[in-house]
Amino acid sequence: MLVACASSCEQARVRKFYQARECMDTVVAVTVYDTSASHARRAIEAAFARIDEVVALADRYRPDSEVSKLMATAGSMRVSPEVYDPLQTAQYLADTPCGAV
């Protein structure tokens, strides 16, 4: 569902466009401010397309994902930055006492 709302911004009638979808057992929301509904719609679709790409890499319940393959090889393979960077951050936080940074 794409929702357009009037914004307090008067310049060129910028409007707020919002869409939410379920993704990996949570809700992901994308908000775009634009003067054009078609531009906003394309931007929202591009954002969700990118989210879908990352999900395809990181979803542990998809046997073809990098995360599933990584778990199957006990961590002995190269992975994309989209998978490596969050795992590196998670490991850093796990090694930090009480998760404090």
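Q: In which sense do β2 and β3 pair, and over how many bridges?
A: The model is a predicted one. In it, β2 covers residues 15-23 and β3 covers residues 26-34. Among their bridge partners are Tyr18 with Thr31 and Cys23 with Thr26. The pairing of β2 and β3 is antiparallel, and the number of bridges is nine.

Q: Which residue in the turn between β2 and β3 has a positive phi, and of about what value?
A: The two strands form a hairpin, with two residues between them. At one side of this turn, Cys23 is bridged to Thr26 of β3. The turn residue with a positive phi is Met24, at about 50°.

Q: What is the order of the elements along the protein chain from the N terminus on?
A: The protein chain holds three helices and three strands. Among the helices, α1 spans 37-58, α2 spans residues 66-72 and α3 spans residues 81-95. Read from the N terminus on, the order is β-β-β-α-α-α.

Q: Which element supplies the largest share of the largest nonpolar core?
A: This core has nine residues: Phe17, Cys23, Val28, Val30, Val32, Ala40, Ile44, Phe48 and Val55. Three elements, β2, β3 and α1, each contribute at least two of them. In soluble globular proteins, nonpolar side chains tend to be buried together. With four residues, the largest share comes from α1.

Q: Which residues are in contact with Val30, leaving aside its neighbours within four places in sequence?
A: Val30 belongs to the largest nonpolar core, which also includes Phe17, Ile44 and Phe48. Those three core residues are among the contacts of Val30. The full set is Phe17, Tyr18, Gln19, Ile44, Ala47, Phe48 and Ile51.

Q: What percentage of the area exposed by the protein chain do carbon and sulfur atoms supply?
A: The protein chain has 101 residues, of which 22% count as buried. The area that the chain exposes is about 7,400 Å². Carbon and sulfur atoms supply 56% of that area.

Q: What share of the contacts between residues at least 6 apart in sequence joins residues at least 24 apart?
A: This share concerns contacts within the protein chain, counted between residues at least 6 apart in sequence. Those joining residues at least 24 apart make up 18%.

Q: Which residue meets the side chain of Glu45 in a salt bridge?
A: The N to O distance in this salt bridge is 2.7 Å. The pair links distant parts of the chain, 24 residues apart, with Glu45 in helix α1 and its partner in strand β2. Glu45 is partly exposed, at a relative accessible area of 36%, and the partner is likewise partly exposed, at 28%. The partner is Arg21.

Q: Why are Glu53 and Arg50 separated by about one helical turn?
A: Glu53 and Arg50 form a salt bridge whose closest N and O atoms are 2.9 Å apart. Relative accessibility is 45% for Glu53 and 36% for Arg50. The separation is about one helical turn because the two lie in helix α1 at a spacing of three residues.

Q: Which residues are joined into one network by salt bridges that share partners?
A: A search of the whole structure finds four salt bridges. Arg50 pairs with Glu53 and also with Glu82, where the closest N and O atoms are 2.6 Å apart. The latter pair links helix α1 to helix α3 across 32 residues of the chain, and Glu82 counts as partly exposed at 29% relative accessibility. The network consists of Arg50, Glu53 and Glu82.

Q: Is Val67 buried or exposed?
A: Val67 is found in helix α2. Leaving aside its neighbours within four places in sequence, Val67 is in contact with Leu57, Ala58, Arg60 and Val83. The cut-off for burial is under 20% relative accessible area. Because the value for Val67 is 15%, Val67 is buried.

Q: What distance separates the C-alpha atoms of Val67 and Tyr84?
A: Val67 and Tyr84 stand 17 residues apart along the chain. The separation of their C-alpha atoms is 9.5 Å.

Conventions: Residues are numbered from 1 along each chain as its sequence is written. This is a predicted model: local features need pLDDT of at least 70, side-chain atom pairs count only at pLDDT 80 or more; totals for chains, interfaces and linings use all residues. Side-chain values use heavy atoms; hydrogens and water are left out. A nonpolar core is a set of buried Ala, Val, Leu, Ile, Met, Phe, Trp, Tyr and Cys residues joined through side-chain atoms within 4.5 Å. Buried means under 20% relative accessible area, exposed over 50%, partly exposed in between (1.4 Å probe, protein chains only). Contact means heavy atoms within 4.5 Å. Two strands pair if DSSP finds at least two bridges between them. Accessible areas come from the Shrake-Rupley method with a 1.4 Å probe; for residues, only the protein chains shown count as cover.
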